Amino acid sequence: MAFQPTPADISVAITTPMASSSAEPRLLTERRITPTWSVSQLKGKLETMTGVPPGSQRLLLKSPGRPDQWVEGDDSIIGDWGLMKGCEIEVHDTRPQAARPNFTDLSSVEKYVLPTSTYESLSNSVLAWKKNQKLGRFDPNALTPEESIRQQSERDAAEIQQRGIALDKRAIVLPSSPPHIRRGTIRFVGPVPTIPFPGVDPKKVQLDPEALPLWVGIELDEPLGKNDGSVGGQRFFTCPNKTGVFVKPEKVEVGDFPPLDLDDLDDELMEEI
């Protein structure tokens, strides 16, 4: 009997179907395939790459210069289908969409959560470093959340008095420079509990309603705002949608800023051009 050399392995691209005509394949890898493998053997190896069980695989062979062809018969030899260098095998999943596992959805994956007591006992954690450096809440001179909020409220009140901020006065929102000047009328001055204070959880800290940071609500002349005078489901003044904005007192400049007319708008547009 004459010696039969072992067929050389062939490098083949393995892909899965594209989500749309313009999308990239969801899987693209290159593997060496022995031509004498049966289709059943090949499917068993493709399962480890694609996650598709052999019984749910349908293989589409794409060969250079030849029409695409479906590979049928698990007992047939893959080399008999014209396997050659430059081929691509596209693995189709015949299972219904609902039966396919979603490996990108991590919502149902159980995650390990380190107990707080264990984390606090670690000596090489960020928390331990902050303790050693006396940073954040470990700083003996650090203000409590209540003290920080009260100080902010006092600074806001001083800014309001210094800048002459009052209801119905005309103002612009800083920073402003032509042609991007947001001007309007002050409609509200006071605390806005629905705007969170950085670093403070209102569910954990009891806040004094009379010592909250102060905000200035402005009805803009143009729809360059973010709301209609309400924020967080609570209304503080009324204006057309997208003309209301809440800003800190230091961002407000009060002055003689008449509403824009068509000539002013044309001039600003020319400056922008």
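Start with the cysteines: select their sulfur atoms and look for disulfides. A disulfide is a covalent bond between the sulfur atoms of two cysteines. In this predicted model, the count of disulfides is 0, with a pair of sulfur atoms having to lie within 2.5 Å to qualify. Two of the cysteines are worth selecting one at a time. Cys87 has a relative accessible area of 2% and is therefore buried. Cys239 is also buried, because its relative accessibility is 9%, and the cut-off for buried is under 20%.

Next, select the sheet formed by 5 strands. In what order do the strands lie? The order is 2-1-5-3-4; the sheet is open and its pairing is mixed. Color strand 2 (28–33) and strand 4 (69–71) to mark the edges, where each strand pairs on one side only. Going from one strand to the next, the twist averages 35°.

Stay at the edge formed by strand 4 and add strand 3, residues 57–62. These two strands run antiparallel and are joined by 3 bridges. To see one pairing of residues, select Leu61 and Gln69: Gln69, in strand 4, is the bridge partner of Leu61.

Now show helix 1, residues 39–50. Which strands does helix 1 lie across? They are strand 1 (10–15), strand 2, strand 3, strand 4 and strand 5 (88–93). Relative to strand 3, helix 1 runs at about 100°.

Follow the chain from helix 1 into the loop that leads to strand 3, and select Gly55 there. Is Gly55 buried or exposed? Gly55 counts as exposed because its relative accessibility is 77%, and exposed means over 50%. Then add Arg95, which is 40 residues away from Gly55 along the chain. Draw a distance between the C-alpha atoms of Gly55 and Arg95; the value is 9.5 Å.

Move on to residues 214–248. An unreviewed UniProt entry annotates this stretch as "domain: CAP-Gly". Color the stretch by secondary structure: residues 214–248 are 43% strand and 0% helix. The C-alpha atoms at the two ends of this stretch are 7 Å apart. Cys239, the buried cysteine from the start of the tour, can be selected again here.

Finish by coloring the protein by pLDDT. The average is 85, and 85% of the residues score at least 70. Then select residues 269–273, where pLDDT stays under 50. How many contacts beyond four places in sequence does the model have for residues 269–273? The model has 3 such contacts for them.

Notes. Residues are numbered from 1 along each chain as its sequence is written. This is a predicted model: local features need pLDDT of at least 70, side-chain atom pairs count only at pLDDT 80 or more; totals for chains, interfaces and linings use all residues. Side-chain values use heavy atoms; hydrogens and water are left out. Buried means under 20% relative accessible area, exposed over 50%, partly exposed in between (1.4 Å probe, protein chains only). Two strands pair if DSSP finds at least two bridges between them. Helices (H or I, at least four residues) and strands (E, at least two) are DSSP runs, numbered from the N terminus. Axes are lines fitted to C-alpha atoms, for helices over the stretch in contact, and angles run from 0 to 180 degrees between N-to-C directions. Contact means heavy atoms within 4.5 Å. UniProt positions are given in the numbering used here, feature names are shortened, and annotations may be inferred rather than shown by experiment. pLDDT is the predictor's confidence in each residue, from 0 to 100.
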